Amino acid sequence: PDPAPAPAQAGLDFVKPMPPYATCVDELIKKGGLTHMTFARALRILSGPVREPYLSGSLIDVDRDVSNKFGQNTQQLVEPERFPNSFVRGASSLYLRAGVHVESAGGASDVAGNTAGPAVMKGTHLHVFVEPVVPQGGINFGGPITLRVVENEGQCREFVKPLPGDGSRADWGPIFLHAKPVTTQKEQTVASGAIESAPSGPKSPSSGDNAPEGAGAGSGASVFTSGALLHGLGYQALELIRLTNRTPLLWVSIDPHHMFDGRVSVFQPDCCLAEKIFHDGEAISQVESIRALAERPHRIQGATKVKTIFDVDVATLSVRVLGDCLRGSATLQRDLPHTPAVRIQAALAIAQWQNNKAPESTEVVGGESWVGLDLLLQYFKERWISRDTVMPIHYTRTVCKRSKSKNRGAEDDGDELSALGEYIYLDSMTEPAERTSLIEVAEAVQIEEDEEYRVRSAVITAIASIRAKDGMTPPRVISFLENILSSGDGSTSGRVVVPLNEDELIRRKRLRRTIDQDEKGDDDVADSTDGTDEIMDAPFVSANAFADSLLALCHVNVRPARLDDSVAGAPQIRSDTSKHPILPLMALCHRWLEWDLYREDVRLEAEAEAMTGVGGGCYSTVSACAIAALSSLALLRQSTTDASSAQVPPAEEIKHEGISPSKRKAHHDHHTKSEEAASARYYAEIFDSRPVRADATRAAAAQAVACICCAADRLNDNNSESLGLLTALEFLLDRIQDPMTSPGLRLSLSELMMDASTGKVCSMQRAAIIGGRNDLCTSASRFTQGPLGASHGGDNGGAILMAVSEETYPAANAVNDGARQGLRLIHRAGRDTSSSDRTVVRVAKFATNLWRTINGEASPSCENSSAAGVCSQEGHLRCSLLALWQWVFPKPSIAVLRVQSWTALEGTPRYIEL
């Protein structure tokens with residue numbers, strides 16, 4: 001046979017160009033509405049230098065659909081389409097995969113452990129393999145790109161390497177490494193305990209004779225102290241992971257200046273990623289390394305026989321590095337902890353690592369099976385728990401500035417405060433006398449924002465997201481969440497953090513400072529009291545932080561114990577419904593929801609009297625998250641027990657009642673709280689209560705109604721009608737037509753209708769994640785990607801996923817199953833005799849009402865028939881409902897046609913009844 005042809009190279013003939021994209025820019029230019037120069041200049045200014053190749057139209061496309069006679073896919077180049085079509089196609093960015101490999105110059109790979117002495121290490125060289133990933137119909141990016149190689153002893157070099165224009169793989173090497181290795185073979189062997197020798201390397205003062213008993217290398221006891229999870233010899237995780245690196249390489253970065261618009265994924269050992277986290281000063285590089293440690297932890301390079309370093313399992317070094325980052329270990333480039341944004345990603349990455357390395361079930365305990373969970377719980381215990389009490393959240397920190405003259409005098413007198421620098425945080429002093437003295441001698445007292453509460457919320461979310469391999473939540477996580485919800489939000493105990501006498505001292509100090517500045521005519525107003533006293537006296541609101549704790553309950557997955565009721569010859573196993581593990585969480589969530597609704601009623605009544613016009617948007621997140629959590633837990637309880645699901649209420653029973661759940665009398669005394677939380681009527685009352693509640697609360701209530709109605713049909717057989725989705729759509733459309741509904745809430749309800757019809761996984765959390773929050777980027781990312789990010793994999797609660805398994809998210813699976821059955825009923829209503837005439841009439845009335853609403857007509861229940869409809873002046877709402885119509889009724893509605901064929905029966909009792 002003929003040899004296989006070589007892959008296409010740059011410079012070969014181009015194939016036939018692809019059809020250009022249809023754009024309206026050319027028509028605008030032809031009609032004189034826009035000049036080509038103005039349009040190109042506007043795009044160049046908006047795009048910046050990164051997208052200059054798009055504007056020039058010089059990008060080369062790759063067509064992978066061509067096969068040769070050997071059945072192989074070949075890469076043929078496609079002629080550039082020129083501007084503006086290349087700019088339109090530029091939506092696909094660069095995705096480059098790279099691998100790093102270090103070997104000796106003699107050919108013996110360092111992975112095999114054959115490195116000898118310094119003579120061999122001088123010849124060590126680096127290979128970097130890169131390969132672009134070109135999606136179907138995407139664009140291949142070529143040209144020069146920067147490669148940064150950071151070696152030991154502070155050597156940093158940058159190379160300009162070419163990216164092939166045909167999308168093929170490239171080898172950037174060899175690159176010789178001239179520095180000394182980070183760790184020698186002897187040091188690594190000693191650290192592993194393979195030979196008896198004194199350990200070398202940095203130690204804390206607690207090592208040696210003062211080290212705790214059983215903490216030495218090779219001892220049978222745990223090398224970590226039981227109280228703080230700290231290494232017995234004083235090592236940090238970064239120092240331990242350095243002992244696994246027997247090469248001069250610290251880390252490799254590709255495109256460090258971010259000139260390419262896309263993502264570069266570099267596969268390098270864990271020791272290189274750890275060095276990058278604590279050495280590289282760019283936050284984006286730190287976050288990428290953190291995610292890489294959690295996603296793809298590699299075995300150490302050059303030490304295949306080494307399993308432990310100072311009694312620490314090598315497989316857990318990566319998560320311990322993340323734990324040091326979370327706990328605030330100082331970075332080596334600025335001697336300060338990482339920023340809260342980076343530490344948030346470290347907390348989520350620890351949970352992701354734990355899920356990847358989790359044991360088979362929650363019954364596995366001991367050892368290092370739950371080391372990631374231990375690190376997260378230890379951080380929370382250090383920062384937020386004192387004497388078994390969860391401390392309240394504080395949003396500010398007091399900084400005392402000491403004068404330079406006093407600092408110099410203090411050094412001469414041997415003052416211990418001089419070692420702390422010019423600026424000292426007041427909470428760093430533990431003794432009350434020291435804090436009072438620091439306030440008195442301070443030249444200025446300043447107040448700054450403390451963003452530690454953001455890390456606290458991320459840690460709670462990460463702990464709630466931890467699962468075993470069987471998809472179950474560990475019991476320790478349930479106990480932790482119960483403790484958090486029982487402790488409250490701490491808004492009424494702020495003085496626990498700042499004592500009253502210190503608050504008064506700070507106020508007096510700032511007042512004296514202001515008077516001195518006025519007398520001297522000083523323009524320095526760094527610690528001016530304008531508005532500060534009011535801020536210090538105002539009670540802080542921890543609504544968002546506590547709402548995140550409630551929202552974390554949506555990620556819990558537990559099942560009750562199984563009881564064996566078998567008798568002779570009749571085996572029978574059932575679930576213990578009376579002792580479900582989530583019942584305490586449901587009770588706590590129900591109490592917080594009722595309490596927050598009561599506080600909202602009080603605020604609304606006060607606003608009705610004062611008429612200030614100031615809204616309560618900062619409070620609305622608690623009720624929304626509590627509703628989402630309570631409905632999710634109720635569905636989880638139904639899905640994991642043998643109890644029958646709630647029946648779908650008739651549409652007329654969830655109409656407007658106007659009764660607030662916080663004020664209504666107990667007319668459902670025969671129902672328990674758990675049964676009440678699983679009823680759609682309970683959430684419909686929250687939506688329809690008067691006075692009108694916040695939009696986020698009402699949207700969450702409507703979402704809960706839709707989920708409960710859909711989940712009620714999950715166990716229906718072929719002989720019963722699944723009316724849950726139809727009831728939910730009727731409820732949402734009726735509230736859209738309500739004149740008391742705001743335009744923003746109408747759009748949210750239309751999105752909820754689309755979520756219910758398509759069966760998205762995260763539709764159960766849309767309102768709680770996005771509603772009432774100002775950080776749209778973070779909210780949208782969590783909604784689409786899930787709590788731990790897109791790289792976590794499947795079944796993580798992201799809206800991008802269209803299906804989940806029953807083992808991981810049984811509540812979402814129940815909603816999806818019921819929604820699919822309801823959508824099938826709407827599609828097939830009227831086609832055959834599987835649907836009753838009454839159901840056909842309901843589907844036809846819903847379709848007619850939806851179509852008339854899209855056309856701008858008023859609601860049928862509106863008294864004034866000549867009034868304009870809600871879509872008459874709302875283009876966004878009309879487009880959203882039209883998209884819903886095209887999805888639910890892709891073809892003419894058979895139910896409407898069948899009802900129209902019944903005109904011959906008009907006036908008969910049967911027709912009137914229907």
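Here is a quick tour of one small sheet and a few unusual backbone spots in this structure. Keep in mind that the model is predicted. The sheet is built from 3 strands in an open arrangement, ordered 7-6-9. Beyond the sheet, the backbone has cis peptide bonds at Gly 173–Pro 174 and at Arg 690–Pro 691, plus positive phi values at His 258 and Phe 310.

**The sheet**

- Reading across the open sheet, you go from strand 7 to strand 6 to strand 9, and the pairing is antiparallel.
- Strand 7 (156-163) and strand 9 (249-254) sit at the edges with a single partner strand each, so one side of each has no neighbour in the sheet.
- Neighbouring strands here are turned against each other by 25° on average, if you ignore direction.

**Strand 6 meets strand 9**

- Strand 6 covers residues 143-151, and 5 bridges tie it to strand 9, with the two running antiparallel.
- If you want to trace the pairing by eye, Glu 151 has Leu 249 of strand 9 as its bridge partner.
- Another spot to look at is Val 149, which stands opposite Val 252 in strand 9.
- As for cover, 6 of the 6 residues in strand 9 are buried.
- So strand 9 is an edge strand, with one side left without a neighbour in the sheet, and yet it is mostly covered.

**Cis peptide bonds**

- Gly 173 and Pro 174 are joined by a cis peptide bond, with omega at about 0°.
- Pro 174 lies within a strand, namely strand 8 (residues 170-176).
- Arg 690 and Pro 691 are also linked by a cis peptide bond, and omega there is about 5°.
- Pro 691 belongs to a loop, the one between helix 23 (680-688) and helix 24 (695-711).

**Positive phi without glycine**

- His 258 is not a glycine, but its phi is positive, at about 60°.
- You'll find His 258 in the loop that runs between strand 9 and strand 10 (262-267).
- His 258 has a relative accessible area of 35%, so it counts as partly exposed.
- Phe 310 is the other residue to check here: its phi is near 50°, again a positive value in a residue other than glycine.
- Phe 310 is in the loop between strand 11 (308-309) and strand 12 (312-313).
- With a relative accessibility of 2%, Phe 310 is buried, because the cut-off for buried is under 20%.

Note on methods:
Residues are numbered from 1 along each chain as its sequence is written. This is a predicted model: local features need pLDDT of at least 70, side-chain atom pairs count only at pLDDT 80 or more; totals for chains, interfaces and linings use all residues. Side-chain values use heavy atoms; hydrogens and water are left out. Two strands pair if DSSP finds at least two bridges between them. Helices (H or I, at least four residues) and strands (E, at least two) are DSSP runs, numbered from the N terminus. Axes are lines fitted to C-alpha atoms, for helices over the stretch in contact, and angles run from 0 to 180 degrees between N-to-C directions. Buried means under 20% relative accessible area, exposed over 50%, partly exposed in between (1.4 Å probe, protein chains only).
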